[in-house]
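Please look at the sequence and the 3D structure shown here before reading on. The report that follows takes up charged pairs, one helix and some aromatic rings in turn.

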Amino acid sequence: MTRLNRRRFLTIAAASAAVPAGMAMAATETATWSGIALGAPAQMKIAGMSASEAAPIFAAVEAELSRLEGIFSLYRESALTTLNRDGVLAAPAPELLEVLSLSDAIHKASGGAFDPSVQPLWLAKGGKGDVSSAQGLVGWQNVQFDTTAVKFDTDGMALTLNGIAQGYVTDRVVALMQDAGLTNVLMDMGEVAALGTKADGAGWKAGVSTPEGDIVARVTLTDRALATSAPSATVLSGTEGHIFLPNGAASVQALASVSAPKAAVADALSTALCLMDETAGRAMVEQFAEARIEALA
């Protein structure tokens, strides 16, 4: 099964200024949590908090990650694996409907380039199936969803939400941080999310790097998310990257990075951009309020 984390999954570093109002701040202390998140090693650090002060935040994040894993995971039993196995999922969770609705919007804005129904082709290209047969199973128009059910119109279809769900998970963790009273936080969950500012009042700095580690752009973020997609970051077979067009054709861009107020939007747009020429890609991004391209190669 495909794992959700097509990029490095979770690191959270909160500045000491990110301590809730009224909480004593010990600048030399850093609370750390390590574990597994959506199948990948995860670490979270909050500077300026003791372990006991940070424990409720860590527990809330861990519980939320586990809950969302039960919806979006492709490597363990989840709502998504149930849908892919049975072709129908009754009473889908609101979170799944949110992601499917945004997927539909990105699909339309990208002229069909962004298509979560490529999962059978993804598996076939990775050696788990016949590529020609899998191509006949791709088609977002054959995915129906509402509050009563999600269902496929074609037997054998399957979805991957790897190009959007990681951003959605990032947004959910951002919400938890805000609920905990943290207002100045930088999070890297594969997608970067920046709340507020650094302790000195300046915006957070984030770099856009290639899979080889070369920095191609530097971005200042305040209350924004940044997502970067690169097809060659994961190779399915030979030199073929993991991001490709619904018809199986190779990606157009080697790297695309987008910032937006929501990480799910930035995530999906950066994925779609890899599949489009620059003119069409810029027209797509302009359809989403406050979204902007930070790097394209």
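The text below describes selected side-chain contacts and the surroundings of one helix.

The model discussed here is a predicted one.

**Charged pairs**

Side chains of opposite charge can pair when their charged atoms come close. A search of the whole structure finds 10 salt bridges, and three of the pairs are set out in the table, each with its distance from nitrogen to oxygen.

| Pair | N to O distance |
|---|---|
| Arg85 and Glu77 | 3.2 Å |
| Lys125 and Glu240 | 2.3 Å |
| Glu294 and Arg292 | 2.8 Å |

The salt bridge between Lys125 and Glu240 ties together parts of the chain that are 115 residues apart in sequence, because Lys125 lies in helix H4 (residues 119-125) whereas Glu240 lies in strand S13 (residues 240-241). With a relative accessible area of 10%, Lys125 is buried, while Glu240 has a relative accessibility of 25% and therefore counts as partly exposed. Lys125 has a further neighbour, since its charged end also sits over the ring of Phe244, at 5.0 Å from the centre of that ring.

The surroundings of the other two pairs in the table can be described in a similar way. Arg85 and Glu77 are both exposed. In the pair made by Glu294 and Arg292, Glu294 is partly exposed, with a relative accessible area of 21%, and Arg292 also counts as partly exposed, at 39% relative accessibility. Elsewhere, Glu64, Arg67, Glu95 and Arg172 are joined into one network by salt bridges that share partners.

**Helix H2 and its surroundings**

Why can helix H2 be called largely enclosed by the rest of the structure? Helix H2 covers residues 79-86, and six of its eight residues are buried, so the rest of the structure largely encloses this helix. The buried residues of H2 are Ala79, Leu80, Thr81, Thr82, Leu83 and Asn84. What covers these buried residues includes helix H1 (51-72), together with strand S4 (88-90) and strand S6 (149-152).

Both ends of the helix have a detail that can be looked up in the structure. At the start of H2, a side-chain oxygen of Ser78 reaches to within 3.2 Å of the backbone nitrogen of Leu80, and after the helix comes Gly87, whose phi is positive, near 80°.

**Aromatic pairs**

How many aromatic pairs does a search of the whole structure find? The search finds two. One of them is formed by Phe72 and Tyr168, which meet edge-to-face, with 5.7 Å from centre to centre and 65° between the planes. This pair links distant parts of the chain, given that Phe72 belongs to helix H1 and Tyr168 to helix H6 (residues 165-179), 96 residues apart. Both Phe72 and Tyr168 are buried.

Trp140 and Phe145 also form an aromatic pair, and this one is tilted, with 50° between the planes and 6.3 Å from centre to centre. Trp140 counts as buried, at 3% relative accessibility, whereas Phe145 is partly exposed, with a relative accessible area of 25%.

**Looking back**

Two of the contacts described above bring together parts of the chain that are far from each other in sequence: the salt bridge between Lys125 and Glu240 joins parts 115 residues apart, and the aromatic pair of Phe72 and Tyr168 links residues that are 96 residues apart. Helix H1, which contains Phe72, is also among the elements that cover the buried residues of H2.

How values were computed. Residues are numbered from 1 along each chain as its sequence is written. This is a predicted model: local features need pLDDT of at least 70, side-chain atom pairs count only at pLDDT 80 or more; totals for chains, interfaces and linings use all residues. Side-chain values use heavy atoms; hydrogens and water are left out. A salt bridge is a side-chain nitrogen of Lys or Arg within 4 Å of a carboxyl oxygen of Asp or Glu. Buried means under 20% relative accessible area, exposed over 50%, partly exposed in between (1.4 Å probe, protein chains only). Helices (H or I, at least four residues) and strands (E, at least two) are DSSP runs, numbered from the N terminus. Contact means heavy atoms within 4.5 Å. A polar contact is a pair of N or O atoms within 3.5 Å; within protein, one must be able to donate a hydrogen and the other to accept it, and residues adjacent in sequence count only if both atoms are side-chain atoms. Rings of Phe, Tyr and Trp (its six-membered ring) pair if their centres lie within 6.5 Å; planes under 30 degrees apart count as stacked, over 60 as edge-to-face and the rest as tilted. A charge sits over a ring if NZ of Lys or CZ of Arg is within 6 Å of the ring centre and within 35 degrees of the ring normal.
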